[in-house]
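Work through the exercises below with the sequence and structure open. Try each task before reading its solution.

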Amino acid sequence: MATNGESGQNQIHRHQEVGHKSLLQSDALYQYILETSVYPREPESMKELREVTAKHPWNIMTTSADEGQFLNMLLKLINAKNTMEIGVYTGYSLLATALALPDDGKILAMDINRENYELGLPIIEKAGLAHKIDFREGPALPVLDQMIEDGKFHGTYDFIFVDADKDNYLNYHKRLIDLVKVGGVIGYDNTLWNGSVVAPPDAPLRKYVRYYRDFVLELNKALAADPRIEICMLPVGDGITLCRRVS
Ligand code: SAM
Ligand code: CA
């Protein structure tokens, strides 16, 4: 636990200890949440997809089970029907979304990598949810630009989950703010970026953590200053900032 008097050495140690799955003060507390509230209620398809993903070499990228449960609940609370996801990987958050939407709900899902999506796809198909998903392989930005140019997608999304290239989040935000409905929600994922947003300048961060940290810091500042949205930053997973469009 952090104390004001802790040494720099301890601080460095603590940053290394913070796993990407949880920013809680102890692993035991996180395990408690998973075992008490998440795993016992996790749909069979999500469990299966989580287990398939666990065997994949890039499994560090997956949405955690508690965040999946959170997204599923949030989507139901806001009665989301038309949604978008940027950054699919094997599809854990996509499945959490698909399960929450009504049968005629839609998800525009984008990722530069189709192969990973196809690992999870058979499980999504088996759960009878594939008809809700429009998967587009390729970078998301040009698709968003096309949608903006087209005009007919303005203000049409109930929920947008952004979980891809952190150096583009602000570019996404510039476009998504037009595509989400007034009253709709954009969720930016990993906004606490491994806890690195508060790491001292000389902290021994992994290369990719250090590289993206400045983009995440810039995003967090920009969201906090954006009068078109209300925001709420939650320490779920690696941090998720919910932005509700107000104008
Ligand atoms: N939401 C996913 C889940 O629940 O497992 C995790 C997504 S993973 C953290 C980030 C994904 O973003 C990767 O699959 C990567 O291929 C994708 N990505 C990276 N750059 C992208 C871009 N420019 N456009 C779309 N997807 C991109
Ligand atoms: Ca993420």
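A residue counts as near a molecule if its C-beta atom, placed from the backbone, lies within 6 Å of it. Keep in mind that this is a predicted model.

**Exercise 1. The shell around the ligand**

Task: Find which residues come nearest to ligand 1, and state how the shell divides by residue type.

Solution:
- Step 1. Take the 20 residues around ligand 1. Thr 63, Gly 87, Tyr 89, Ser 93 and Ala 164 come nearest.
- Step 2. Sort the shell by type. The result is 10 nonpolar, 7 polar and 3 charged residues.
- Step 3. Look for elements that supply at least two shell residues each. Helix H5 (92-100) and strand S2 (106-111) both do so.

**Exercise 2. The overall fold**

Task: Count the helices and strands, then decide how compact the protein is.

Solution:
- Step 1. Count the elements: 9 helices and 7 strands.
- Step 2. Compare the radius of gyration with the globule rule. The protein has 18 Å, close to the 18 Å that the rule gives for 247 residues, so it is as compact as a globular protein of that length.
- Step 3. Box the C-alpha atoms along the principal axes. The box is roughly 55 × 40 × 30 Å.
- Step 4. Check burial and contacts. Of the 247 residues, 40% count as buried. Among contacts between residues at least 6 apart in sequence, 73% join residues at least 24 apart.

**Exercise 3. The largest nonpolar core**

Task: Name the core residues that touch the most other members, and find the element that gives the core its largest share.

Solution:
- Step 1. The largest nonpolar core has 54 residues. Leu 95, Ala 98, Ile 160, Val 162 and Ile 186 touch the most other members.
- Step 2. H5 contributes the largest share of this core, 7 residues.
- Step 3. Follow Ala 98 outward, leaving out residues up to four places away in sequence. Ala 98 touches Ile 107, Ile 124, Leu 129, Lys 132 and Ile 133.

**Exercise 4. The buried side of a helix**

Task: List the buried residues of helix H8 (residues 169-179) and explain where they sit around its axis.

Solution:
- Step 1. The buried residues are Tyr 169, Tyr 172, His 173, Leu 176 and Leu 179.
- Step 2. Their arc around the axis is only 125°, which puts them on the same side of H8.
- Step 3. Recall the helix geometry. An α-helix has 3.6 residues a turn, so residues three or four places apart point the same way.
- Step 4. Identify the cover. It includes strand S1 (82-86), helix H7 (140-150), strand S4 (157-162), strand S5 (180-189) and helix H9 (207-224).

**Exercise 5. Positive phi in a loop**

Task: Examine Asn 190 and Asn 194 in the loop between S5 and H9.

Solution:
- Step 1. Start from the usual case. Most residues other than glycine have a negative phi.
- Step 2. Read the angles. Asn 190 has a positive phi of about 70°. Asn 194 is also positive, with phi near 65°.
- Step 3. Assess burial, for which the cut-off is 20 or more other C-beta atoms within 10 Å. Asn 190 has 22 C-beta neighbours inside 10 Å and counts as buried. Asn 194 has 22 as well, and counts as buried.

**Exercise 6. A residue in strand S7**

Task: Is Ile 240 buried or exposed, and which residues does it touch?

Solution:
- Step 1. Ile 240 is in strand S7 (residues 240-245).
- Step 2. Ile 240 has 24 C-beta neighbours inside 10 Å, so it counts as buried.
- Step 3. Leave out residues up to four places away in sequence. Ile 240 then touches Glu 67, Gly 187, Tyr 188, Asp 189, Thr 191 and Leu 234.
- Step 4. Take the pair with Glu 67. They are 173 residues apart in sequence, yet 9.0 Å apart in space, C-alpha to C-alpha.

Key. Residues are numbered from 1 along each chain as its sequence is written. Chains are lettered from A and ligands numbered from 1 in the order in which they are written. This is a predicted model: local features need pLDDT of at least 70, side-chain atom pairs count only at pLDDT 80 or more; totals for chains, interfaces and linings use all residues. Helices (H or I, at least four residues) and strands (E, at least two) are DSSP runs, numbered from the N terminus. Ala, Val, Leu, Ile, Met, Phe, Trp, Tyr, Cys and Pro count as nonpolar, Asp, Glu, Lys and Arg as charged, and the others, Gly among them, as polar. The radius of gyration is taken over C-alpha atoms; the globule rule is 2.2 Å times the number of residues to the power 0.38. A residue is buried if 20 or more other C-beta atoms lie within 10 Å of its own, exposed if 12 or fewer, and partly exposed in between; C-beta atoms are placed from the backbone. Two residues are in contact if their C-beta atoms, placed from the backbone, lie within 7 Å. A nonpolar core is a set of buried Ala, Val, Leu, Ile, Met, Phe, Trp, Tyr and Cys residues joined through C-beta atoms within 7 Å. The arc is that of the directions from the helix axis to the C-beta atoms.
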